[in-house]
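Visitor: Could you take me through the nonpolar core of this one, up close? I'd like to know what builds it and what surrounds it.

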Amino acid sequence: MKTEKTSALGISRRDFARRAAMAAATAACLPAELLTASPLQTPPPAQQPDEKLSPESQVEVDAKVQAVFRKYGDRLSEAQKADIRRLLTEGQKPLELMRKFPLDNADQPGNILILYPDATGMRETPSR
């Protein structure tokens with residue numbers, strides 16, 4: 001039974017003090033090099049400019065971009081439009097790779113949903 005009053009967030013003053021003390025103790029135990037380290041470097045862009053899409057993929061990207069602009073174009077700024085074009089272009093490269101993978105109609109999926117591991121055992125009713 002808790003007799004402490006809790007705030008609107010559901011944490012008591014005692015819990016808050018305990019957590020604050022743990023955070024302060026953790027910060028005190030950290031090496032000084034971590035506290036004075038420079039911020040992380042920004043990662044390089046995912047797609048290099050020298051990687052070009054095939055003409056068919058470029059046409060598909062343009063069609064997708066035009067569909068988005070037709071639907072939301074009046075609500076988007078120029079920066080958002082450039083970002084949408086960049087994202088759709090970056091997403092097209094994995095699609096090209098996936099479409100190149102050879103599959104036949106007879107190929108089974110890699111994973112199959114099995115609800116019951118032993119379906120034959122589930123059908124049997126226990127004897128009384």
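Guide: Happy to. Keep in mind that this is a predicted model. The largest nonpolar core has 5 residues, namely Leu53, Val61, Val65, Phe69 and Ile84. Helix α3, covering residues 55-72, gives the largest share of this core, with 3 residues. To be counted there, a residue has to be buried, with side-chain atoms within 4.5 Å joining the set. In soluble globular proteins, nonpolar side chains tend to be buried together.

Val65 is a good place to zoom in. Setting aside neighbours within four places in sequence, Val65 is in contact with Arg85 and Leu88. Both of those partners fall in the stretch 78-100, which is α4, so you can follow that pairing from the core residue Val65 straight to the next helix along, since helices are numbered from the N terminus.

Now step back to the whole chain. There are 5 helices and 0 strands, so reading from the N terminus you get α-α-α-α-α, helices being DSSP runs of at least four residues. Buried residues make up 10% of the 128 residues. Among contacts with a separation of 6 or more, 50% link residues 24 or more positions apart.

As for the outside, the chain exposes about 12000 Å², and carbon and sulfur atoms supply 60% of that. Leu113, Leu115 and Tyr116 make a nonpolar surface patch of about 410 Å². Of these, Tyr116 sits in the loop between α4 (78-100) and α5 (119-123).

How values were computed:
Residues are numbered from 1 along each chain as its sequence is written. This is a predicted model: local features need pLDDT of at least 70, side-chain atom pairs count only at pLDDT 80 or more; totals for chains, interfaces and linings use all residues. Side-chain values use heavy atoms; hydrogens and water are left out. Helices (H or I, at least four residues) and strands (E, at least two) are DSSP runs, numbered from the N terminus. Buried means under 20% relative accessible area, exposed over 50%, partly exposed in between (1.4 Å probe, protein chains only). Contact means heavy atoms within 4.5 Å. Accessible areas come from the Shrake-Rupley method with a 1.4 Å probe; for residues, only the protein chains shown count as cover. Patches are made of residues with over 30% relative accessible area and no salt bridge: like charges are joined within 9 Å, nonpolar side chains (Val, Leu, Ile, Met, Phe, Trp, Tyr) within 5 Å. A salt bridge is a side-chain nitrogen of Lys or Arg within 4 Å of a carboxyl oxygen of Asp or Glu.
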